[in-house]
Amino acid sequence: QNPVETPRWGLTRVALASNVVPGASNTFDFTVTAPATPGVANLQWDMLQEDEAWFGATSSNVAVNVVAAKNDAAVVSQSVPTSMVAGQIYPISVTMKNTGTTTWIAGTWKLGAQNPMDTLRWGLQRVEMAGNIAPNASVTFSFKVTAPTTTGVANMQWGMVQEGEAWFGAMSSNVAVTVTPPPPSIDPTITV
């Protein structure tokens with residue numbers, strides 16, 4: 001209701017699970033989807049005998065304040081070595097907290113390489129989540145990187161991205177990783 005037959009909440013009907021005899025009550029448990037447009041939206045319900053008529057008292061109207069969905073993230077922790085040997089593989093972990101109002105959906109929301117943005121310096125640009133992350137929940141990304149083959153100092157930094165939409169939230173602290181050359185190989189055929 002308010003207005004009648006509105007699809008504003010993602011559905012216009014909630015079916016009875018079983019018959020309700022005169023004098024008995026029924027509780028309808030169901031889920032609605034908030035409107036996509038921010039603002040105040042009315043939420044009100046009434047009984048209906050399909051193809052006959054509306055009947056009985058209408059529920060109290062609830063004026064729901066619909067706010068715009070917002071992506072946001074905070075860095076909880078990270079573990080990054082400060083020195084690496086060129087071409088070697090190292091474990092990394094970054095824990096991010098969902099401080100926004102949207103649920104991060106696996107496959108679309110990811111941890112992405114920064115400094116510079118989308119760099120392939122560490123052998124990968126994105127790290128996937130195993131499952132969805134609700135607001136106020138945290139996720140730890142545990143993954144492996146390959147140290148660059150070029151020696152010197154290389155920046156490592158990570159941030160959250162919603163693919164096809166935007167980067168958002170705080171980025172991890174930049175770590176200036178010192179990349180050293182691999183030790184010289186020893187020829188086993190040479191004797192001293």
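Visitor: What share of the contacts in the protein chain with a separation of 6 or more comes from residues 24 or more positions apart?
Guide: That share is 63%. Keep in mind that this is a predicted model.

Visitor: And how many helices and strands are there in the protein chain?
Guide: The chain has 0 helices and 13 strands. Written out along the sequence, the pattern is β-β-β-β-β-β-β-β-β-β-β-β-β.

Visitor: How does the radius of gyration of the protein chain stand against the globule rule?
Guide: The radius of gyration is 27 Å, while the globule rule gives 16 Å for 192 residues, so the chain is more spread out than a compact globule. The C-alpha trace spans about 100 × 35 × 25 Å along its principal axes.

Visitor: What percentage of the residues count as buried?
Guide: Of the 192 residues, 28% count as buried.

Visitor: OK, let's do sheets. What is the strand order in the open sheet of 3 strands?
Guide: The order is 5-7-10, and the pairing is antiparallel. Strand 5 (73-79) and strand 10 (138-146) are the edge strands, each pairing on one side only. On average, neighbouring strands of this sheet are turned by 25 degrees against each other, direction ignored.

Visitor: How many bridges join strand 5 to strand 7?
Guide: There are 6 bridges between strand 5 and strand 7 (residues 89-98). As one example of who faces whom, alanine 73 stands opposite asparagine 98 in strand 7.

Visitor: And over how many bridges do strand 7 and strand 10 pair?
Guide: That pairing runs over 9 bridges, also in the antiparallel sense. Proline 91 has lysine 144 in strand 10 as its bridge partner.

Visitor: Staying with strand 10, which side chains point to which face?
Guide: They alternate along the strand. Val139, Phe141, Phe143 and Val145 point to one face and are buried. Ser138, Thr140, Ser142, Lys144 and Thr146 point to the other face and are not buried.

Visitor: Which residues does valine 145 touch, leaving out those up to four places away in sequence?
Guide: Valine 145 touches Met84, Gln88, Ile89, Tyr90, Ile92, Trp122, Leu124, Met156 and Trp158.

Visitor: Which residues of the largest nonpolar core touch the most other members?
Guide: Those are Trp104, Phe143, Val145 and Trp158, out of 30 residues in that core. The elements giving two or more residues to this core are strand 7, strand 8, strand 10, strand 11 and strand 13 (175-180).

Visitor: Back to serine 138 for a second. What does serine 138 touch, not counting residues up to four places away in sequence?
Guide: Serine 138 touches Val76, Thr95, Met96, Lys97 and Ile133. Serine 138 is partly exposed, with a relative accessible area of 41%.

Visitor: How far is serine 138 from glutamate 50?
Guide: The two are 45 Å apart in space, C-alpha to C-alpha, and 88 residues apart in sequence.

Visitor: Switching to charges: how many salt bridges does a search of the whole structure find?
Guide: The search finds 7 salt bridges. One of them joins the side chains of aspartate 72 and lysine 70 at 3.8 Å, N to O. Aspartate 72 is partly exposed at 22% relative accessible area, and lysine 70 is partly exposed at 49%.

Visitor: What about glutamate 128 and lysine 110, how far apart are N and O there?
Guide: Those side chains meet at 3.2 Å, N to O. The pair links distant parts of the chain, 18 residues apart: glutamate 128 sits in the loop between strand 9 (126-127) and strand 10, and lysine 110 sits in strand 8 (residues 109-114).

Visitor: Is lysine 110 buried or partly exposed?
Guide: Buried, because its relative accessibility is 12% and the cut-off for buried is under 20%. Glutamate 128 is partly exposed, with a relative accessible area of 46%.

Visitor: Which parts does the salt bridge between glutamate 163 and arginine 126 tie together?
Guide: Glutamate 163 lies in the loop between strand 11 (152-162) and strand 12 (166-168), and arginine 126 lies in strand 9, so the pair ties together parts that are 37 residues apart in sequence. The N to O distance in this salt bridge is 2.6 Å. Glutamate 163 is partly exposed at 28% relative accessibility, and arginine 126 is partly exposed at 21%.

Visitor: Last one: which residues are linked in a network of salt bridges?
Guide: The network links Lys110, Asp118, Arg126, Glu128 and Glu163.

How values were computed:
Residues numbered from 1 in each chain as written. Predicted model: local features only at pLDDT ≥ 70, side-chain atom pairs only at ≥ 80, totals over all residues. Heavy atoms only, no water. Pairing = 2+ DSSP bridges. Helix = DSSP H or I, 4+ residues; strand = E, 2+ residues; numbered from the N terminus. Axes fitted to C-alpha atoms, helices over the stretch in contact; angles between N-to-C directions. Salt bridge = Lys/Arg side-chain N within 4 Å of Asp/Glu carboxyl O. Buried < 20%, exposed > 50% of the residue type's maximum accessible area, 1.4 Å probe, protein only. Core = buried A, V, L, I, M, F, W, Y, C linked by side-chain atoms within 4.5 Å. Contact = heavy atoms within 4.5 Å. Rg over C-alpha atoms; globule rule 2.2 N^0.38 Å.
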